[in-house]
Amino acid sequence: MSVQDTQQAAMTLADHLPLLQVLVPFMAAPLIVVIGARRLAWGIAFAASLASAGIALAILLQVLDSGMISYHIGGWVPPLGIEYRIDAANAIVLLLIASVSTVVLPFAARSVAAEIARKHQTLFYAMWLLCLAGLLGMVATGDAFNVFVFLEVSSLSTYVLVSMGARRDKRALTAAYDYLIMGTIGATFFVIGIGFLYAATGTLNMADMAAIIRENGADRTIQTAFAFIVVGMGLKVAVYPLHLWLPNAYTYAPSVVSAFLGGTATKAAIYVLMRFMFTVFRPEFLFEVRALDLIMVPLALVAMFAGSIIAIFQRDMKRMLAYSSIAQIGYILLGIGFLTETGLSAAVIHLFNHGITKAALFMGAGALIFRSGSSFYRSLEGLGRTMPFTGFAIVIAGLSLIGVPGTAGFISKWLLVQAAIEKGWWPIALAVVASSLLAVIYVWRVVEVLYMKEPKSAGTRDEAPVSMLVPLWIAAAATVYFGFATELTLGAAQSAADSLMSGFSPVHAGGG
Amino acid sequence: MDWAYLLGHLNYWLFIVMMMTGLYIVIARGNLVKKIVGLNIFQTAVFMFYISIGKVTGGTAPIFPTDMKIDPETVYTNPLPHVLILTAIVVGIATTSLGLALVVRIRESYDTIEEDDILDIETRIAREENREYGDAMGGRA
């Protein structure tokens with residue numbers, strides 16, 4: 001392996017990118033606390049986030065160009081040492097997480113100042129970076145126990161971020177508490193699963209585990225591990241019946257936190273789920289268990305419809321977006337459940353597209369809240385006229401949520417329908433279309449509230465500040481951009497599906 | 001009855017009992033502090049599980065002699081699960097303290113830490129919101 005040899009030989013800064021990806025936000029977080037200046041906090045957070053987004057882009061290009069990167073922490077050789085193993089599948093999720101954080105942070109400056117108490121603002125940005133580092137870490141690492149540690153780093157900071165909404169509504173506290181209880185149960189289930197895997201294979205390195213399982217076949221211990229890991233991660237993903245923490249957490253969290261988490265947190269968990277399902281446990285083994293056909297696909301379908309229908313009947317924009325998230329997670333799980341390369345590409349690309357769409361919509365909601373003080377439809381009436389730029393961005397992102405041609409949402413739903421037809425599952429293809437029609441209804445309700453009602457202060461233009469409009473429009477424009485320029489996302493998604501299906505082998509990675 | 005099997009796996013049976021006890025407390029108790037305690041028991045059960053995995057029959061503590069003259073005959077217990085659990089214990093403490101901090105804040109805002117009372121208060125808030133912003137499916141659907 002000449003690539004690895006040269007990598008080992010020339011240990012320049014560029015070779016440490018996988019570690020820097022996690023380390024930059026991770027070290028910047030305590031830096032904010034130590035400096036302790038409220039004015040500097042945002043700057044440091046933004047710089048760290050921007051740096052990690054740049055690193056993520058560099059890693060993605062490198063992976064698409066030359067295949068998988070294996071980084072040995074401290075020079076300890078895996079399977080004993082901890083390894084960061086990045087192929088197209090993690091690289092695209094890393095890019096999504098880091099760039100959502102980078103785009104949302106400028107929005108945070110004004111929104112946080114308005115929604116969070118002054119004395120908490122410095123620590124808020126430190127928590128943000130810790131959450132970012134945790135999410136990036138659980139995606140980048142190739143060590144099963146490391147996933148748990150980073151999962152907890154991101155979860156614990158997420159609970160704090162959610163509870164910061166208490167200044168606006170005290171229910172943020174109970175939402176954070178519920179999330180803590182359920183999140184911890186999920187993470188503990190996950191760690192029990194890893195314990196069983198370790199007992200069965202004697203290793204913690206995911207690639208090594210996969211090789212041993214492939215060699216020895218699956219026994220009862222490994223099946224138990226599979227069950228624990230899927231349920232545990234399912235809680236973090238908010239698979240339909242395990243979603244109860246999500247609506248309250250997203251509704252009562254500060255607007256920026258909803259935008260950040262809506263775009264990233266569940267996505268990182270979905271990635272971990274995919275990685276374990278397809279790389280550690282082989283797809284052939286999944287067939288054996290038939291867990292996907294009998295559990296995952298029906299649950300995904302229920303989520304698609306139940307989530308959408310509940311979203312229709314909401315009277316609060318943020319809560320509506322939260323339920324729509326549950327429905328959209330259903331689409332992603334459906335793509336995974338197909339167990340084909342097209343299905344998996346659809347899952348990966350929808351994960352990416354939905355991430356930016358949801359971030360845009362939650363930012364839009366945040367901008368409306370900044371002016372109106374609440375996200376109830378009644379207090380948003382007519383705001384599309386007084387805040388034309390915000391309103392229009394919400395409409396564009398809403399179109400992407402529905403999956404209208406020309407937006408990013410269309411690409412992923414098209415691929416999903418294609419995957420269903422490829423498998424001959426016509427009813428499911430129709431179900432995807434039908435539940436998209438439900439999305440039309442709940443997006444239309446927002447449009448109706450924003451444009452068809454009389455504004456309370458008729459005639460006066462009261463646009464959101466520029467620092468909010470720019471990130472909002474970057475995200476909204478990205479949903480259109482990725483609807484047309486599909487080479488990067490589609491190529492990366494196909495390459496990701498390829499490397500997920502073929503395990504960690506670097507042979508397939510790099511194709512597009 | 002295979003007594004050797006039952007007794008030989010005593011740790012694992014206890015792990016299951018303890019795990020279920022913890023999970024039951026989390027679900028059944030309405031007091032927020034008790035829920036956290038239940039969560040703690042649940043997590044501690046997992047620590048026990050990991051430590052049990054690491055045990056090698058006849059193994060001794062995994063410490064090499066200071067003169068580094070290692071007798072190849074000596075069987076050592078697997079130290080890796082212990083190290084993992086040290087990390088998990090830290091995570092558990094962080095979770096507990098954050099949970100309790102949240103309970104303190106909940107007590108300040110709601111003046112109670114009983115789940116039923118909190119639900120009552122939240123239902124009342126939701127009802128007021130419904131009156132003000134129009135009725136629809138709210139609350140915890």
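Which side chains meet in a salt bridge at 2.3 Å, N to O? Keep that in mind while you get oriented; this is a predicted model, so start by colouring it by confidence.

**Stop 1: confidence**

Select chain A to begin with. Its pLDDT averages 89, and 95% of the residues score at least 70. Now jump to residues 505-512 of chain A: pLDDT stays under 50 there, and the model gives this stretch 13 contacts beyond four places in sequence. Switch to chain B, where the mean pLDDT is 88 and 94% of the residues reach 70 or more. Residues 137-141 of chain B are the stretch to flag, with pLDDT under 50 throughout and 13 contacts beyond four places in sequence.

**Stop 2: chain B on its own**

Hide chain A for a moment and show chain B as a cartoon. You should see 5 helices and 0 strands, running α-α-α-α-α from the N terminus on. The radius of gyration of chain B is 23 Å, well over the 14 Å that the globule rule gives for 141 residues, so chain B is more spread out than a compact globule. If you draw a box along the principal axes, the C-alpha atoms fill roughly 80 × 45 × 25 Å.

Next, show B:E115 and B:K35 as sticks. Their side chains form a salt bridge at 3.7 Å, N to O. B:E115 sits in helix α5 (residues 115-133) and B:K35 in helix α3 (residues 32-54), so this pair ties together parts of chain B that are 80 residues apart in sequence. Over all chains, a search of the whole structure turns up 9 salt bridges.

**Stop 3: where the chains meet**

Bring chain A back and select the residues in contact: 45 from chain A and 48 from chain B. Between them the two chains bury about 4000 Å², with carbon and sulfur atoms giving 72% of that area. On chain A, pick out A:R171, A:Y177 and A:R315; this trio supplies 18% of the area that chain A buries against chain B, more than any other three residues.

Now zoom in on A:R171 again, this time with B:E129. Here is the pair from the opening: the side chains of A:R171 and B:E129 meet in a salt bridge, 2.3 Å from N to O. Across the interface of chain A and chain B, the rule finds 1 salt bridge. Polar contacts between the two chains come to 10 residue pairs, with both residues at pLDDT 80 or more.

Which helices of chain A should you select on the side that touches chain B? Go for α6 (144-163), α7 (171-201), α14 (317-338) and α16 (377-380), each of which supplies at least two residues. Helix α7 of chain A gives the most, with 19 residues. Colour this side of chain A by residue type and you get 27 nonpolar, 10 polar and 8 charged.

**Stop 4: two backbone oddities in chain A**

Most residues other than glycine have a negative phi, and most peptide bonds are trans. With that as background, select A:P78 and A:P79: the peptide bond between them is cis, with omega near 10°. You'll find A:P79 in the loop between β1 (69-72) and β2 (83-86) of chain A.

Last, go to A:L339, in the loop between α14 and α15 (341-372) of chain A. Phi of A:L339 is near 60°, a positive value in a residue other than glycine.

Notes:
Residues are numbered from 1 along each chain as its sequence is written. Chains are lettered from A and ligands numbered from 1 in the order in which they are written. Side-chain values use heavy atoms; hydrogens and water are left out. pLDDT is the predictor's confidence in each residue, from 0 to 100. Contact means heavy atoms within 4.5 Å. Buried area is the accessible area (1.4 Å probe) that two parts lose on being put together, summed over both. A salt bridge is a side-chain nitrogen of Lys or Arg within 4 Å of a carboxyl oxygen of Asp or Glu. A polar contact is a pair of N or O atoms within 3.5 Å; within protein, one must be able to donate a hydrogen and the other to accept it, and residues adjacent in sequence count only if both atoms are side-chain atoms. Helices (H or I, at least four residues) and strands (E, at least two) are DSSP runs, numbered from the N terminus. Ala, Val, Leu, Ile, Met, Phe, Trp, Tyr, Cys and Pro count as nonpolar, Asp, Glu, Lys and Arg as charged, and the others, Gly among them, as polar. The radius of gyration is taken over C-alpha atoms; the globule rule is 2.2 Å times the number of residues to the power 0.38.
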